[in-house]
Every structure is written in structure tokens, then in C-alpha cells.
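User: I have a structure open and a few things I want to ask about. Can we go through them one by one?
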Amino acid sequence: MAKREQPVRWAPRVRQDKIRRLYQLDAQGIAGEELIDEVGYALYSRCLSILQVGDAMGGRVHCPRCDTIIDRHDGDEELRCPQCEWNTTWDAYRATYRTDELGPGGARPIFGAFVADWATVHSAREKMIVIDRVIHSWHWETQRERPKFGLGRPTGANLIEGNRKQVLALLQELTYGSESSPDLQATK
């Protein structure tokens with residue numbers, strides 16, 4: 001029997017201060033390329049983690065070592081990768097994401113679109129537009145009475161550090177500015 005391993009480490013949610021700083025620089029007309037890449041790749045990694053959790057919830061577990069798909073059935077079954085022999089139980093695997101806001105729910109198309117878009121952009125301006133588009137998509141989907149994707153909470157809470165109220169406050173600040181962010185307020 002192969003040695004059991006810690007199943008996987010998921011990408012963390014993106015820090016609010018990094019997103020806020022990115023928007024402050026953009027409002028000043030500064031293309032902070034390093035920060036754009038840092039935030040963009042953090043969002044990209046987080047979205048990939050969310051998509052993989054969604055696959056696992058649907059019965060297709062990605063091996064954390066080699067990315068081979070392991071078909072899962074019901075119950076606390078043994079998961080074993082046919083390529084690299086990595087193994088664990090479904091309950092142990094599920095425990096790695098249960099409390100980390102990684103379920104895609106009805107927002108899977110939003111996460112998938114960001115991953116696809118991010119892979120095609122090259123310039124700092126294009127990257128900022130893709131980041132902005134997805135952040136505002138999350139925001140506006142939560143503002144509608146009947147969200148397009150059937151969301152019960154903002155998808156930004158899956159991607160940005162903080163609870164629902166804190167994430168919504170950040171999204172409002174990025175959209176409308178605040179007294180604490182005069183650069184954002186001036187360019188809203």
C-alpha cells in the first residue's frame with residue numbers, strides 16, 4: 001500500500017490590501033505590473049482551486065501530485081491515483097476544502113471565464129481589465145434581486161479575504177470610492 005499523504009494545499013484567498021492597492025495605483029494612472037501579476041495570478045490560482053473542488057464534488061478528483069483524474073463514487077471510499085499511486089480517503093480529501101470557501105456553486109462559469117481570459121492576456125492593461133471585469137462581475141451578480149448564476153452570496157467571498165460584509169464593503173469601495181481612498185473616489 002502506498003504511503004498516505006496530505007491530499008492537497010489549496011490556493012488562499014487574495015488579500016484585500018493588495019486588491020485595494022492595485023486599484024489605487026490604477027486610479028493614479030500607474031500600471032503596477034508586478035502587483036497586477038501578483039493579484040492576477042493569485043486570483044487565477046484560487047479560481048483553479050475552486051474549479052478542482054467543483055470537479056471533485058462532481059466525482060472527478062484531481063490528483064494533487066500529477067493531476068490525473070480519479071473517478072469517485074459514493075461514501076468514504078479510498079482514492080488512489082492510477083499514475084503515481086497517491087492515495088487518501090474521500091473524507092480526508094473533502095476535509096481539506098470544507099471550511100475554505102472553495103465550493104464553486106452556481107458561479108462556476110465566472111471562475112472558468114476568468115481562468116480562460118487570464119491565460120490569453122499579456123499587457124498590464126489587458127490584465128487589469130480582466131481583473132476588473134471579474135471583480136465587478138462578482139459584485140454586480142450579488143447586487144441583483146435574482147442573480148444570473150443563482151448566487152446566495154458574493155462569489156468575491158470565495159476569492160477575497162474577509163467575511164461577506166467585508167468583501168462587499170471592499171467591492172463597494174472599488175466601485176464608488178470612499179473617503180479613505182480619495183484616488184478611487186476621484187476616478188469612479
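User: Is Cys-81 buried or exposed?
Analyst: This is a predicted model. In it, Cys-81 is buried, with a relative accessible area of 0%.

User: How many disulfides are there in the whole structure?
Analyst: A search of the whole structure finds zero. A disulfide is a covalent bond between the sulfur atoms of two cysteines.

User: Which cysteine sulfur is closest to that of Cys-81, and why is there no bond?
Analyst: The closest one is in Cys-66, at 3.5 Å, which is too far for a bond. The cut-off for a disulfide is 2.5 Å between the sulfur atoms.

User: And what about Cys-84?
Analyst: Cys-84 is in no disulfide either; its nearest cysteine sulfur belongs to Cys-63 and is 3.5 Å away. Cys-84 counts as partly exposed, at 21% relative accessibility.

User: Switching to rings. How many aromatic pairs are there?
Analyst: Eight, from a search of the whole structure. One of them is Trp-10 with Tyr-93: the ring centres are 6.1 Å apart and the planes are at 85°, so the pair is edge-to-face.

User: Where do Trp-10 and Tyr-93 lie?
Analyst: Trp-10 is in the segment before H1 and Tyr-93 is in helix H3, so the pair ties together parts that are 83 residues apart in sequence. Both residues are buried.

User: What kind of pair do Phe-114 and Trp-118 make?
Analyst: A stacked one, because the planes are at 25°, with the centres 5.8 Å apart. Phe-114 and Trp-118 are both in helix H4, four residues apart, or about one turn of the helix. In general, an α-helix has 3.6 residues a turn, so residues three or four places apart point the same way. Phe-114 and Trp-118 are both buried.

User: Which residues do ring pairs link into a cluster?
Analyst: Trp-10, Trp-86, Trp-90, Tyr-93 and Tyr-97. In addition, the charged end of Arg-72 sits over the ring of Trp-90, 3.8 Å from its centre.

User: Now helix H1. How many residues does it have?
Analyst: Twelve, residues 16–27. H1 reaches 17 Å from its first C-alpha to its last, close to the 16 Å expected. Its buried residues include Ile-19, Leu-22 and Leu-25. Just after H1, Gly-29 takes a positive phi of about 80°.

User: Which residue that is not a glycine has a positive phi of about 75°?
Analyst: Glu-85. Glu-85 is in the loop between strand E3 (78–80) and strand E4 (87–89), and counts as partly exposed at 40% relative accessibility.

Terms used. Residues numbered from 1 in each chain as written. Predicted model: local features only at pLDDT ≥ 70, side-chain atom pairs only at ≥ 80, totals over all residues. Heavy atoms only, no water. Helix = DSSP H or I, 4+ residues; strand = E, 2+ residues; numbered from the N terminus. Buried < 20%, exposed > 50% of the residue type's maximum accessible area, 1.4 Å probe, protein only. Expected span 1.5 Å × (residues − 1). Phe/Tyr/Trp six-rings, centres within 6.5 Å; stacked < 30°, edge-to-face > 60°. Lys NZ or Arg CZ within 6 Å of the ring centre and 35° of its normal.
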